[in-house]
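Let's take a walk through a protein model together, starting on the inside and ending at the surface. Have the structure open and turn it as you read.

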Amino acid sequence: MSIISFGIVGGGWRAEFYIRIAKALPERFHIHSMLVRDEGKGQAIEKKWGIRTVRTMQEFTAEAASLSFAVVSVPRTVAPQMIRDLAEKHIPVLAETPPASDLSALTELYLSLPRDAKVQVAEQYLFQPMHAARIQMARSGKLGEVTHAQVSAAHDYHGISLIRQLLGVGFEPASISGQQFESTIMQGPSRQGDPHEERIVQSVQRIATFRFGDKLAVYDFTGDQYFSWIRRSRMLVRGSKGELVDCEVSYLKDYETPVHTELRRVDTGHHGNLEGYYHRGVMAEGEWLYQNPAAPARLSDDEIAIATCLQKMGDYASGSGSSFYSLADASQDHYLALLMGTAVETGQTVHTEKQAWSEDR
């Protein structure tokens with residue numbers, strides 16, 4: 001397996017995920033350079049990580065032949081122009097989510113790119129180990145025809161991407177209703193670390209329903225779930241012959257034979273195991289539903305998922321792999337999230353319309 005050399009546009013909190021992954025998997029990934037416009041931030045990255053940084057797009061693309069692709073990890077308001085600049089120079093792009101801020105910007109970006117532009121989006125949730133295993137179970141046929149999903153695991157477009165993956169929904173019309181609820185919660189950890197004092201804060205919960213013809217999804221999320229010690233994620237997938245609740249699966253082998261099993265996470269390094277500490281995969285009924293492609297690197301589930309995106313992008317950019325989460329898919333998920341926001345704010349049911357990225361589908 002050849003080393004994938006890529007560049008990064010941006011130097012924020014999210015960009016550091018890619019740096020950590022490349023450092024953990026040097027035999028697979030190499031960061032050629034980073035475009036960081038702020039001089040001080042660029043120098044700090046060079047000192048901390050030993051990665052060359054540049055200040056202009058011209059400098060960044062001067063050695064385009066050395067890049068398999070470029071990761072665009074900048075605010076959604078400026079991402080479209082960065083994506084266009086790179087596409088015009090025939091550099092494949094892996095863009096962070098979402099690729100643009102609103103419907104107008106999504107449409108303009110999609111229509112402005114050359115048809116042969118190689119652009120994918122780093123939607124990682126479908127590649128997180130347990131989510132990937134759940135999606136595989138939903139597609140296995142054991143649950144029968146899957147028509148209902150409840151997802152409380154990620155915000156906006158992330159949660160909606162899981163809904164579409166679990167239900168097998170593409171660009172079908174949807175009707176969306178929603179509401180918002182506020183309650184109090186003891187403040188927990190954040191990006192800055194553990195709490196330093198007892199503090200009660202407001203927690204905002206959004207609940208929405210999505211009707212895709214004869215399929216129904218319930219979105220339920222509060223931002224506290226990402227870090228909180230007391231707010232868990234929850235998943236329910238129902239089909240005609242069974243259902244999955246978080247990690248438990250019940251299905252009918254035939255009309256008189258129920259089967260009860262669970263998705264079992266397999267990690268090494270526990271209880272005296274000397275293989276090292278890493279995630280192997282997820283099993284059910286003695287078979288692998290998911291195997292970690294980044295093993296044996298010691299990475300979090302989110303980092304494993306992003307590493308998967310990087311590997312898939314390397315294959316896609318080289319022509320040896322196919323599209324894995326296209327700009328069209330990313331645009332559709334963000335479009336649905338924007339409409340969900342409208343439904344929540346107005347209290348009215350809203351309906352999707354066919355967009356530019358779904359015209360040929």
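This is a predicted model, and our tour begins in its largest nonpolar core, which has 112 residues. Within this core, Leu94, Phe210 and Leu263 have the most contacts. The element that gives the most to the core is helix 9 (residues 327-346), with ten residues.

Pick out Leu263 and look around it. Leaving aside residues up to four places away in sequence, Leu263 touches Met130, Ala133, Arg134 and Met137, and also Leu244, Asp246, Cys247 and Val249. Val282, Met283, Ala284 and Leu289 complete the list of residues that Leu263 touches.

Now move to helix 5 (residues 103-112). Which of its residues are buried? They are Ala105, Leu106, Leu109 and Tyr110. If you look down the axis of helix 5, these buried residues fall within an arc of 130 degrees, so they line one face of the helix. A general rule helps here: an α-helix has 3.6 residues a turn, so residues three or four places apart point the same way. The buried residues of helix 5 pack against helix 4 (79-88) and helix 9, the helix we met as the one that gives the most to the core. Turned away from that buried side is a face with the exposed residues Ser104, Glu108 and Leu111.

Finally, come out to the surface. Here Trp13, Tyr226 and Phe227 form a nonpolar patch, and together they have about 290 Å² of accessible area. You can find Phe227 in the loop between strand 10 (215-222) and strand 11 (234-239). Phe227 counts as partly exposed because its relative accessibility is 36%, and partly exposed covers the range between 20% and 50%.

Methods:
Residues numbered from 1 in each chain as written. Predicted model: local features only at pLDDT ≥ 70, side-chain atom pairs only at ≥ 80, totals over all residues. Heavy atoms only, no water. Core = buried A, V, L, I, M, F, W, Y, C linked by side-chain atoms within 4.5 Å. Buried < 20%, exposed > 50% of the residue type's maximum accessible area, 1.4 Å probe, protein only. Helix = DSSP H or I, 4+ residues; strand = E, 2+ residues; numbered from the N terminus. Contact = heavy atoms within 4.5 Å. Arc of directions from axis to C-beta. Patch = residues over 30% accessible without salt bridge, like charges linked within 9 Å, V, L, I, M, F, W, Y side chains within 5 Å. Areas by Shrake-Rupley, 256 points an atom, 1.4 Å probe, with all protein chains shown as cover. Salt bridge = Lys/Arg side-chain N within 4 Å of Asp/Glu carboxyl O.
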